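Colleague: I would like to go through this model with you slowly, one question at a time. Could you explain each answer as you would to someone in their first year?

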Amino acid sequence: MDVAMFDRTLSAFPTFGEFLIQKKITLQHCLCSNLKDCREQNGYLHYEENLKNRRRLLIFLFSTGLVPTLPSFGKTKVKSPYDEKRLLEQNRRIQKENNAPDDFPSFVREGFDVKVLASENYIKCDSGLVYRDFEVGEGDSPKSGQQVIFHYVGYNESGRRIDSTYLQGTPARIRMGTNGLVPGFEEGIRDMKPGGKRRIIIPPELGPPVGPSTFFSSKQFEVFDVELLSIQDCQRRTILAFYSDVICN
């Protein structure tokens with residue numbers, strides 16, 4: 001083989017450097033063919049750099065407070081009838097487990113929002129108090145300054161008994177109009193008559209003070225079954241000119 005033929009044979013096979021150059025050109029050609037214009041490909045790096053600069057500018061403006069905050073719109077939670085039904089069934093199931101009395105009101109609670117569900121036998125006052133008379137009784141209703149003697153059983157929303165004078169064996173005694181009763185409780189028995197039996201549903205705003213020393217929970221409805229036994233007149237007596245007390249009979 002002569003030298004000229006050997007040179008032509010070598011030139012038919014590209015060197016490694018020439019192969020890389022051809023591969024680069026081929027790759028660039030493929031990229032350009034996938035884009036509308038090779039100029040767009042060349043400008044992509046400029047677009048990325050501009051995007052980074054904009055991000056840096058926005059971060060700076062927000063961090064310095066130069067950009068006003070946009071108004072936020074809270075999402076209003078829509079109550080689903082399914083959720084209300086589920087909560088109602090749950091409350092009734094718990095009341096049944098706690099042996100709640102018959103015709104006990106149901107409470108659908110979702111956070112601090114509570115819906116009281118009771119039969120048509122219950123009466124709702126303008127103050128929010130709800131009551132039902134089982135027995136009306138006879139005679140006059142108590143007046144301020146008079147002492148009322150009564151039995152009661154207290155329940156929470158789940159129908160669990162929290163207090164009972166029947167279990168204590170002694171009825172409660174309190175004078176009306178002396179702030180000795182829970183506001184809702186005094187309102188509930190104000191128009192009762194001796195021998196009357198009434199169920200009182202006291203909303204939180206008419207309820208007692210709450211705290212570790214009481215059995216009342218914050219934002220809870222309380223239910224009381226009350227039996228008014230009697231009403232007594234009271235008078236103040238003075239002893240030795242410096243001591244006085246109140247006698248009720």
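Colleague: Which residues have the most contacts inside the largest nonpolar core?

Modeller: Please keep in mind throughout that this is a predicted model. The largest nonpolar core is made of 17 residues, and nonpolar side chains in soluble globular proteins tend to be buried together. Inside this core, the residues with the most contacts are F150, Y152, F185, I189, I202 and V226.

Colleague: Which elements give two or more residues to this core?

Modeller: One helix and several strands have to be named here, beginning with the helix α7, which covers 183–189. The strands that give two or more residues are β5 (147–155), β8 (197–202) and β9 (222–232). In order along the chain, the full answer is β5, α7, β8 and β9.

Colleague: With which residues is F150 in contact, leaving aside its neighbours within four places in sequence?

Modeller: Contact here means that heavy atoms lie within 4.5 Å. Once the neighbours within four places are left aside, the partners of F150 include T165, P171, A172, I174 and L181. To these one must add F185, V226, E227, L228 and L229.

Colleague: How many residues has the other core, the one that lies apart?

Modeller: Among the members of this other core are F107, Y122, Y155 and F221, but these four are a part of the list. The core as a whole has nine residues.

Colleague: How many bridges join strand β1 to strand β2, and which residue in β2 stands opposite V108?

Modeller: Strand β1 takes in residues 106–110 and strand β2 residues 113–117, and the two run antiparallel, joined by five bridges. They form a hairpin with two residues between them, and G111 in the turn has a positive phi of about 70 degrees. Opposite V108, in β2, stands K115.

Colleague: Where does D103 lie, and is D103 buried or partly exposed?

Modeller: D103 has a phi near 55 degrees, which is a positive value in a residue other than glycine. This residue is found in the loop between α5 (81–97) and β1. Because its relative accessible area is 28%, which falls between the limits of 20% and 50%, D103 is partly exposed.

Colleague: What is the relative accessible area of N179, and is N179 buried or exposed?

Modeller: N179 also has a positive phi although it is a residue other than glycine, with a value near 60 degrees, and it lies in the loop between β7 (172–175) and α7. Its relative accessible area is 75%, and since exposed means over 50%, N179 is exposed.

Conventions
Residues numbered from 1 in each chain as written. Predicted model: local features only at pLDDT ≥ 70, side-chain atom pairs only at ≥ 80, totals over all residues. Heavy atoms only, no water. Core = buried A, V, L, I, M, F, W, Y, C linked by side-chain atoms within 4.5 Å. Buried < 20%, exposed > 50% of the residue type's maximum accessible area, 1.4 Å probe, protein only. Helix = DSSP H or I, 4+ residues; strand = E, 2+ residues; numbered from the N terminus. Pairing = 2+ DSSP bridges.
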